[in-house]
Amino acid sequence: MSDRPVYVTQPSLPPLDEFIPYLESIWDSKRLTNAGPMHEQLEQALSEYLGVEHIALFNNGTIALLTALQALRVTGEVITTPYSFVATAHSLLWNGIKPVFVDIDPHSFNLDPSKIEAAITPETTAIMPVHCYGRPCDVVAIQKIADAYNLNVIYDAAHAFGVKDSGGSILRHGDLSILSFHATKVFNTFEGGAIICPDAKTKLHIDHLKNFGFVDEVTVVAPGINGKMSEINAAFGLLQLKYIDEALAKRCEIDRIYRESLKDVKGITFYDGSDQVTANYSYFPILVEDEFPLSRDELYNKLKDHNIYSRRYFYPLISEFPMYRGMESARISNLSVANSVSNKVICLPIYPLLDKKDMANIINVLRNS
Ligand SMILES: *Cc1c(COP(=O)(O)O)cnc(C)c1O
């Protein structure tokens, strides 16, 4: 039994006193937002850290998704995954776009490329896959389909901060990739997000869109939105970045211990990580299979009784929420893998300061059920 509640995640926070000089600098400059010095420094620092050339910061990941769809003028229908956080599909509905759900791959839990083509109609203009849990999508297969049908690809990479494949950052794929820096993500700025752009021209357009469409004092070129990241959030990001490698190393160690301790537990399965070159260990999902003595929900409740608050990410599927479930593509028969995974999954607590004792506790509940 853990003596305090252990949640699925806990935000990383640097030492408070190290943040004070950043605040003093903001107070001195009197620049609070609108591409101030902290914002510009964070864009630069993140480009370098992530290994991407052009990045536009946002106030959160959802506004970044909305803006990405606007930037590419996406309309009609967009193929996406039901196995994600609800913002993925909501960003389509908010743009008057119809989401078309396609099933996931049973290994990666990402959009199954072999099922995309059957869902393409004359209205389809784009594909919006998610690198779920930071596991890379089959980017090559997806791009091949997009090229053949002249579709845009917008990656919801909210989970994929720092993830790399053999060619470099996973964020370089598709037309645009979106990050979230929400408090619960691997890298957080309290609230925040970003769009990774392929070139300077696209970034400039997106920079205009996130500031109401202003190009200069008297010129508005598009019906933009307010998607700007404030100086406080950007400053916090700069400080966070100093600790990110340490945070990732601690996550990696927790991931290793879970794998070691759970590998011989009958009825518990997890991803072997073989598709990734550099992972970010953002989540530790397990599947509770039929051979496990407890059902998924029984295990979820048993963990709660031990003061451990795991989460069933992603249950229910996005396609089960009321604004989606009437859609033809939301039928369970169309999404059998996603439905099965969604009914088996539990994400175990993983965060840099996860206590060794609490972890032992979690492992004990799983091993002795
Ligand atoms: C967190 C998340 C978002 C939304 O990001 P916010 O910064 O919270 O707006 C979008 N998609 C996925 C997959 C997410 O996990």
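**Strands, core and domains of a predicted model**

Trainee: Which handedness does the β-α-β unit made by strand 5, helix 5 and strand 6 have?
Mentor: The model is a predicted one. The unit is built from strand 5, helix 5 (residues 139-149) and strand 6. Strand 5 and strand 6 (residues 152-156) pair in the parallel sense over two bridges. The handedness of this β-α-β unit is right-handed.

Trainee: Which residue is the bridge partner of Ile127 in strand 6?
Mentor: Strand 5 covers residues 124-128, and two bridges in the parallel sense link this strand to strand 6. In strand 6, Ile127 has as its bridge partner Val153.

Trainee: Which residue in strand 5 stands opposite Thr80?
Mentor: Strand 3 (residues 77-80) is paired with strand 5 in the parallel sense, and the pairing comprises four bridges. Opposite Thr80, in strand 5, stands Met128.

Trainee: Which helix gives the most residues to the largest nonpolar core?
Mentor: The largest nonpolar core has 100 residues, and those that touch the most other members are Ala68, Val78, Ile127, Ile178, Ala194 and Ile195. Seven residues of this core come from the helix that gives the most, namely helix 3 (residues 61-71).

Trainee: Why does this core lie between domain 1 and domain 2?
Mentor: The protein is divided into domain 1 (16-239) and domain 2 (243-367). The core lies between these two domains because residues are given to it by both domain 1 and domain 2.

Trainee: With which residues is Ala68 in contact, leaving aside its neighbours within four places in sequence?
Mentor: Ala68 is among the core residues that touch the most other members, as are Ile178 and Ile195. Once neighbours within four places in sequence are left aside, the contacts of Ala68 are Ile154, Leu176, Ile178 and Ile195.

Trainee: Is Lys185 buried or exposed?
Mentor: UniProt, in an unreviewed entry, lists Lys185 under "active site" and also under "modified residue: N6-(pyridoxal phosphate)lysine". The residue lies in the loop between strand 9 (176-180) and strand 10 (193-197). Because Lys185 has 23 C-beta neighbours inside 10 Å, where 20 or more are required, this residue counts as buried.

Trainee: Which residues does Lys185 touch, not counting those up to four places away in sequence?
Mentor: Lys185 is in the loop that follows strand 9 (176-180) and precedes strand 10 (193-197). Residues up to four places away in sequence being set aside, Lys185 touches Ala158, Phe161 and Ser180.

Trainee: Which elements give two or more residues to the side of domain 1 that touches domain 2?
Mentor: Taken over C-alpha atoms, the centres of the two domains are separated by 25 Å. The contact takes 30 residues from domain 1 and 28 residues from domain 2. On the side of domain 1 that touches domain 2, the elements giving two or more residues are helix 4 (87-93), strand 4 (98-101) and strand 7 (164-165).

Trainee: Which strands stand at the edges of the open sheet with the order 13-14-16?
Mentor: This open sheet is formed by three strands with antiparallel pairing. Two bridges join strand 13 to strand 14 (residues 284-288), where Ile268 stands opposite Val288. Each edge strand has a single partner strand, so one side of it is left without a neighbour in the sheet; these edge strands are strand 13 (268-269) and strand 16 (345-348).

Notes: Residues are numbered from 1 along each chain as its sequence is written. This is a predicted model: local features need pLDDT of at least 70, side-chain atom pairs count only at pLDDT 80 or more; totals for chains, interfaces and linings use all residues. UniProt positions are given in the numbering used here, feature names are shortened, and annotations may be inferred rather than shown by experiment. A residue is buried if 20 or more other C-beta atoms lie within 10 Å of its own, exposed if 12 or fewer, and partly exposed in between; C-beta atoms are placed from the backbone. Two residues are in contact if their C-beta atoms, placed from the backbone, lie within 7 Å. A nonpolar core is a set of buried Ala, Val, Leu, Ile, Met, Phe, Trp, Tyr and Cys residues joined through C-beta atoms within 7 Å. Domain bounds come from an automatic or database domain assignment. Two strands pair if DSSP finds at least two bridges between them. A crossover is right-handed if, with the strands pointing away from the viewer, the path from the first strand over the helix to the second runs clockwise.
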